[in-house]
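Thanks for making time this morning. I would like to walk through one structure with you, and I will keep to what can be read from its atoms.

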Amino acid sequence: MPAGNTRILAWLIAMPALLCAVGLPLYESSDVAQPPAMADTFVEALDDRNVEHAYLFIRQGQDPNTLVRFRDDVRTGGREVQVSPLMLAVAGSDDNTAAMLLSFGARMDYPPNRYVVCLAREMGMDGFVDSQMSTASEVECPPPSGAEFPLLAYVD
Amino acid sequence: MLPVRRSILGLMDRLMSFHRGSLWVGVVLVVIAPLSVALLLSMWRSPFPINEMISLLEDAESSTPGRFFDPTIRSWYRPLFHLTLWGFWNGSGSLLGGLHWFRYLEVGSVLVLLLLFVSYLRPRTGLQAAAALLAVAVMMGMPGFRDNLEIPVLMTLVGMPMALLVWMLLEREHRWWYTPLILALTMTAIGYKEQGLVIAPVVVGAWWMGSPGARRTTTAVVVLAVLAYLAMRFSTRGHWALFEQDVGFLFGELGEDEAAARFGERPWILYGYSALATIGNILFSEPSRGTFVITDHALSGETRPWEWISIVSSTLMTALIAWWGVAILRRDWSADAWSAESRLFVILVLALGASGALGFNYARDRLGGMAVPFYAAASYFAVLSVAERAGAASLKRRATVALVLVMLAGAWQLRAVGTLHDVRLRAASTHRTWITSPNWSRVTFAHRPRYLSIMQTMTPQGTDPARARRPTYPEWFLALIGGG
């Protein structure tokens, strides 16, 4: 094969690997230089059902047993309530975030969480209750509210 | 003066030849370095998974080394894998120290495999270097490679460089120490996972075809050792379940009981299917885990670009290898002598068959791992052969070949990057499990204090967000490499 043809063919075959060799470090170094997109507040992370972001707040010292102010159309019908993060996660049927909160400090005996088992059952999270809430049997739940926004029935 | 001059010229020639060889090897190593280093770093940073790893460690802690070699405890037999965990833990004096060494082994296996592979190909020209770059992408992009990067499932990953090293020794001039080394490599690979048995037909095949390093003694020793091993396994098997795990079948998966109920009378049908599925996965990237996922997506019109890239690039590469293999066999058949290339082709066929046979019980992508280095090496010679022949063809044909090869190289490079992305996705998924599972584990394993204690020790590595960090690729690129 003439040397020129061979060289062109060799370059063509090697081109994707060369592009990768140059492009990968360039792209990744510029990507790493930018801070990762992150929820602004703990409540926003809970609202977005983003368990990784919510965990970052916990990791940075956010107390999972502190009430947060929350309002939306789906869970509170637009009314602002003070609610525990665990109740908020359960109200959104967000079992990942609820599991994370229970894993990293959320207490079942924290008074605002006393009806979390009841809310979870009302939200259809029976499997979650059985596998994650060891004290579930000790809770006496009021009759299911059947309300449009079950969370409101369990917050003061 | 003449003999002296001839010696000097000979020496210079050898030096130049070595320089040319090492130059292109160096070029290949430099070009593959960014992706390889990113892959190795990603593996290094990946957290160990929560449940499987802790169970393995719990078992390692409560066992004595002798128990790992008892073949009656489990249906699978991986004494060296369990011994490694136990040894690292006890040798380092701490659980985290042991896990550190485990990472070295995992990452080191990939690094050694890559270095051995480039060393085996040893490109000496620009075209050979280009073909070697494509072959490395083939190796890194294959499902059998990708699936074996899962932590802590390194059993086959350890065996893959051993298989390649055995083949490299068999292809070199024989030395007395090859026999004990090949035997040791074979038995070590088997000791990590029985997929290591693939090395046995490689040795027999190499001897039969007259590989320079394969002597009758070497072959006899390996065959006897493997037969003794198989005799031990079958004589101590007790009762093996018909199907050990879920079995992929056509467009779905059968649970163990369901598979036994449907195929209990004639299990060989499903065994044959799983064996062929393992081979099909190596050659065509389909089926995966015994299930025709991409075909199913194609039938429902939901095929994603990366799926097309996988199946088309694999099929095209397999066709190229088949074309090259048949041509090389014909050439050597008429010359009545095996060449290194025709031996490699036959060894690939043997490794494929053995991998399929060993994957009879259920198909998994990782079960094809031992055939990966041979497939990738064959792809090198096939691409080189096509490229070299193209030179003598017409301009139109040359252009067609060039277009096909560049597209093939591009597709496999995307798949190699996909492997990197897959490792990172898995790390992110493991991290997510670590931050969502501890409470469940505390409730479920309340009666296993050692489990909980190991989990407690491992929690910082599992919950560290830096280990789950991955670049945010644009959507169009994710569509090409797979993953979200």
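**A walk through chains A and B**

Let me begin with B:Asn439, which, once its neighbours within four places in sequence are set aside, is in contact with A:Ala99, A:Leu102, A:Ser103 and A:Gln132. Please keep in mind throughout that this is a predicted model. B:Asn439 lies in helix H19 of chain B, and with a relative accessible area of 9% it counts as buried.

From there I move to helix H20 of chain B, which covers residues 449-463, has 15 residues, and reaches 20 Å from its first C-alpha to its last, close to the 21 Å expected at 1.5 Å a residue. Where does H20(B) bend? The bend is at B:Thr457 and amounts to about 40 degrees, with a proline, B:Pro460, following within four residues. The buried residues of H20(B) include B:Tyr451, B:Ile454, B:Met455 and B:Met458, and, further along, B:Thr459, B:Gln461, B:Gly462 and B:Thr463. What covers these buried residues includes helix H3 (51-59) of chain A, and, from chain B itself, helices H2 (51-62), H4 (79-92), H5 (95-121), H18 (395-436) and H19 (438-444).

Helix H2 of chain B comes up again when we turn to the charged side chains, and here a general remark may help: side chains of opposite charge can pair when their charged atoms come close. Over all chains, the structure holds 21 salt bridges. In one of them the side chains of B:Arg448 and B:Glu58 meet, at 2.5 Å from N to O. That pair links distant parts of the chain, since B:Arg448 sits in the loop between H19 and H20 of chain B while B:Glu58 sits in helix H2 of chain B, 390 residues apart. Are the two partners buried or exposed, or something in between? B:Arg448 counts as partly exposed, at 26% relative accessibility, whereas B:Glu58, at 15%, counts as buried because the cut-off for that label is under 20%.

A further salt bridge brings together the side chains of B:Glu61 and B:Arg450, at 2.6 Å from N to O. B:Glu61 belongs to helix H2 of chain B and B:Arg450 to helix H20 of chain B, so this pair ties together parts that are 389 residues apart in sequence. Here B:Glu61 is partly exposed, with a relative accessible area of 35%, and B:Arg450 likewise counts as partly exposed, at 36%.

The salt bridge between B:Asp422 and B:Arg426, whose closest N and O atoms are 2.9 Å apart, is a local one in sequence: the two residues are 4 apart in helix H18 of chain B, so about one helical turn separates them. B:Arg426 is partly exposed, with a relative accessible area of 25%. In chain A, salt bridges that share partners join A:Asp47, A:Asp72 and A:Arg75 into one network.

Next, a residue away from the solvent. B:Tyr375 is placed in helix H17 (residues 372-390) of chain B, and it is buried, with a relative accessible area of 0%. Which residues does B:Tyr375 contact, leaving aside its neighbours within four places in sequence? They include B:Val138, B:Met142, B:Ile282 and B:Leu283, as well as B:Ser314, B:Met317, B:Thr318, B:Ile321 and B:Leu348. Helix H6 (residues 126-141) of chain B is also mostly covered, with 15 of its 16 residues buried.

On the surface, by contrast, B:Val204, B:Trp207, B:Trp208 and B:Trp338 make a nonpolar patch of about 420 Å². B:Val204 has its place in helix H10 (residues 199-208) of chain B, and at 31% relative accessibility it counts as partly exposed.

I will end with the backbone, where most residues other than glycine have a negative phi, and most peptide bonds are trans. A cis peptide bond joins B:Ile151 and B:Pro152, with omega about 5 degrees, and another joins B:Glu286 and B:Pro287, with omega about 0 degrees. A:Ser93, although not a glycine, has a positive phi of about 50 degrees, and it is found in the loop between helices H4 (85-91) and H5 (95-103) of chain A. B:Leu250 has a positive phi too, near 55 degrees, and is found in the loop between strands S1 (247-249) and S2 (252-254) of chain B.

Key. Residues numbered from 1 in each chain as written. Chains lettered and ligands numbered in written order. Predicted model: local features only at pLDDT ≥ 70, side-chain atom pairs only at ≥ 80, totals over all residues. Heavy atoms only, no water. Patch = residues over 30% accessible without salt bridge, like charges linked within 9 Å, V, L, I, M, F, W, Y side chains within 5 Å. Areas by Shrake-Rupley, 256 points an atom, 1.4 Å probe, with all protein chains shown as cover. Salt bridge = Lys/Arg side-chain N within 4 Å of Asp/Glu carboxyl O. Buried < 20%, exposed > 50% of the residue type's maximum accessible area, 1.4 Å probe, protein only. Expected span 1.5 Å × (residues − 1). Bend = angle between axes of the 7 residues up to and from the residue. Contact = heavy atoms within 4.5 Å.
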